[in-house]
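Open the model in your viewer and keep the sequence panel beside it. The tour goes stop by stop, with a selection to make at each one.

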Amino acid sequence: MSILFVTPSEAVVAGKAEYLTLFNLETEQTTDLLPTLFGGVKSMAQSPDGRFLAIAAEDDMIGVFDIAKGFKQTARLQGHKAYVKAAIFDHYQDYNEQQEGTYRLASVGEDRQLIVWDFAPRTLSNPKLPPNADVSSEIKRSCLLYTSPS
């Protein structure tokens, strides 16, 4: 089970269930249940500017949610061949709101691959979200950096 503070008054709680629980810290109430992809959530990461939430679940995809738009799921990043164990945003990249730049996200899976993803918010306006959808042409795996030895 993991918890992530996403705003001063909200936290997201994830566990083995196939959903995230949005919790209001001021009212101490559950405010929403957000479906994940498939299986329990392995890790959650928030973009440095607080706009996006990425989740790695017990499948081969990463879910990207737009926090500012009420936790709307905006993308599914597909590229791993096994469970995604962790996902994290690049905290060294400059995310300037005045100039909508590219976000960088890295993920590692049980397939022993580290994948770096780059996306711009403008590319997420009309995502394709069917379960078998491929990565949008605008969301690219920048490189396969490392595959650990067997």
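Start with contacts across the whole chain. Among contacts in the protein with a separation of 6 or more, 42% join residues 24 or more positions apart. Keep in mind that this is a predicted model.

**Stop 1: the whole protein**

Show the cartoon. Twelve strands appear, and zero helices. Reading along the sequence gives β-β-β-β-β-β-β-β-β-β-β-β. Now switch on the surface. The accessible area is about 8400 Å², and carbon and sulfur atoms contribute 51% of that. Of the 150 residues, 45% are buried.

**Stop 2: the sheet from β1 to β4**

Select β1 through β4. These four strands make an open sheet, ordered β1-β2-β3-β4, with antiparallel pairing. Which strands stand at the edges? They are β1 and β4 (29-35). Each has a single partner strand, so one side of each has no neighbour in the sheet. From one strand to the next, the twist averages 25°.

Zoom in on residues 10-14 and 19-24. These are β2 and β3, paired in the antiparallel sense over five bridges. To find a matched pair, pick E10: opposite it, in β3, stands N24.

**Stop 3: a nonpolar patch**

Select I3, F5 and L25, and show them as spheres. Together they form a nonpolar patch on the surface, with about 290 Å² of accessible area. F5 belongs to strand β1, residues 2-7. Is F5 buried or exposed? Its relative accessibility is 53%, so F5 counts as exposed.

**Stop 4: the sheet from β5 to β8**

Move on to β5 through β8. Here is an open sheet of four strands, in the order β5-β6-β7-β8, and the pairing is antiparallel. The edges are β5 (41-46) and β8 (72-78). Each of these has a single partner strand, so one side is left without a neighbour in the sheet. Ignoring direction, neighbouring strands in this sheet are turned by 20° against each other on average.

Focus on β7, residues 61-66. Strand β7 pairs with β8 over six bridges, in the antiparallel sense. Click I62, then look across to β8: the bridge partner is L77.

**Stop 5: the K85–E110 salt bridge**

Turn on side chains for the charged residues. Side chains of opposite charge can pair when their charged atoms come close. How many salt bridges does the structure hold? There are five.

Select K85 and E110 for one of them. Their side chains meet at 3.9 Å, N to O. K85 sits in strand β9 (residues 84-89), while E110 sits in the loop between β10 (103-109) and β11 (113-119). The pair therefore ties together parts that are 25 residues apart in sequence. K85 is partly exposed, at 44% relative accessibility. E110 is partly exposed too, with a relative accessible area of 42%.

Keep E110 selected and add D59. You will find D59 in the loop between β6 (52-57) and β7. The C-alpha atoms of D59 and E110 are separated by 9.9 Å, with their positions 51 residues apart along the chain. D59 has 9% relative accessibility, so it counts as buried.

**Stop 6: the network around R104**

Finish with D90, R104 and D118. A network of salt bridges links these three residues.

Take the D90 side first. R104 forms a salt bridge with D90, and the closest N and O atoms are 3.9 Å apart. The pair links distant parts of the chain: R104 is in strand β10, D90 is in the loop between β9 and β10, and they are 14 residues apart. R104 is partly exposed at 32% relative accessibility. D90 is partly exposed at 22%.

Then look at the D118 side. The side chains of D118 and R104 meet in a salt bridge at 2.9 Å, N to O. D118 lies in strand β11 and R104 in strand β10, so this pair ties together parts that are 14 residues apart in sequence. Where does D118 fall, buried or exposed? D118 is buried, with a relative accessible area of 16%.

Methods: Residues numbered from 1 in each chain as written. Predicted model: local features only at pLDDT ≥ 70, side-chain atom pairs only at ≥ 80, totals over all residues. Heavy atoms only, no water. Pairing = 2+ DSSP bridges. Helix = DSSP H or I, 4+ residues; strand = E, 2+ residues; numbered from the N terminus. Axes fitted to C-alpha atoms, helices over the stretch in contact; angles between N-to-C directions. Salt bridge = Lys/Arg side-chain N within 4 Å of Asp/Glu carboxyl O. Buried < 20%, exposed > 50% of the residue type's maximum accessible area, 1.4 Å probe, protein only. Patch = residues over 30% accessible without salt bridge, like charges linked within 9 Å, V, L, I, M, F, W, Y side chains within 5 Å. Areas by Shrake-Rupley, 256 points an atom, 1.4 Å probe, with all protein chains shown as cover. Contact = heavy atoms within 4.5 Å.
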